[in-house]
Amino acid sequence: MELPVSRDACRILDTLEAHGYTAYIVGGAVRDLLLGKAPHDYDIATSALPFQVKAIFKRTVDTGLSHGTVTVLDGKTACEVTTFRTDGSYQDCRHPEQVFFVDSIEADLARRDFTVNAMAYHPERGLTDPYGGRKDLEKKLL
């Protein structure tokens with residue numbers, strides 16, 4: 001399966017991988033692409049730690065370093081690039097008190113809220129969908 005990911009997002013994926021890290025488009029962008037919609041933004045999950053992302057790209061914004069997120073500005077695209085992670089406990093039902101960096105996309109996807117947001121895509125590796133999000137999209141289920 002091939003999805004029409006923006007050139008800028010692909011360039012960020014390719015750059016991370018050229019530096020030895022694994023990276024995927026995740027979340028709402030994957031959902032939108034599967035629905036045939038153009039994503040409003042792209043989120044990328046990676047094995048790179050925030051300081052490693054910042055060392056690779058010239059233009060970055062410290063969006064949420066404690067949660068592993070750096071925004072990469074490349075071309076016309078701003079992508080939030082977040083280290084693969086799992087969440088600790090939640091005090092406010094929205095923001096984890098702590099995060100733990102992990103080394104696999106599958107562990108990262110396990111923490112996401114809905115099956116349709118727990119999918120990852122890479123142009124060469126295809127769709128990673130351990131929780132049946134694609135089928136839920138087809139059935140119009142959350």
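**Salt bridges and a β-hairpin in the predicted model**

With a relative accessibility of 58%, E138 counts as exposed in this predicted model. The side chain of E138 meets that of R134 in a salt bridge, with 3.9 Å from N to O, and R134 itself counts as partly exposed at 36% relative accessibility. Both residues belong to helix α5, which covers residues 133-138, and there they lie 4 residues apart, a spacing of about one turn of the helix.

This pair belongs to a wider set, as a search of the whole structure finds 9 salt bridges. Another of them joins R11 to D8, with the closest N and O atoms 2.3 Å apart; the two residues are 3 residues apart in helix α1 (residues 7-18) and are therefore separated by about one helical turn. Within this pair, R11 is partly exposed, its relative accessible area being 36%, whereas D8 counts as buried at 14% relative accessibility. Together with D74, the residues D8 and R11 are linked in a network of salt bridges.

A further salt bridge brings together the side chains of R85 and D87, at 3.7 Å from N to O. Here R85 counts as buried, with 12% relative accessibility, and D87 is likewise buried, with a relative accessible area of 19%.

Turning to the strands, β3 (residues 60-64) and β4 (residues 69-74) run antiparallel and are joined by 3 bridges, with T69 in β4 serving as the bridge partner of G64. The two strands form a hairpin with 4 residues between them, and in its turn G68 has a positive phi of about 90 degrees.

Definitions and conventions:
Residues numbered from 1 in each chain as written. Predicted model: local features only at pLDDT ≥ 70, side-chain atom pairs only at ≥ 80, totals over all residues. Heavy atoms only, no water. Pairing = 2+ DSSP bridges. Salt bridge = Lys/Arg side-chain N within 4 Å of Asp/Glu carboxyl O. Buried < 20%, exposed > 50% of the residue type's maximum accessible area, 1.4 Å probe, protein only.
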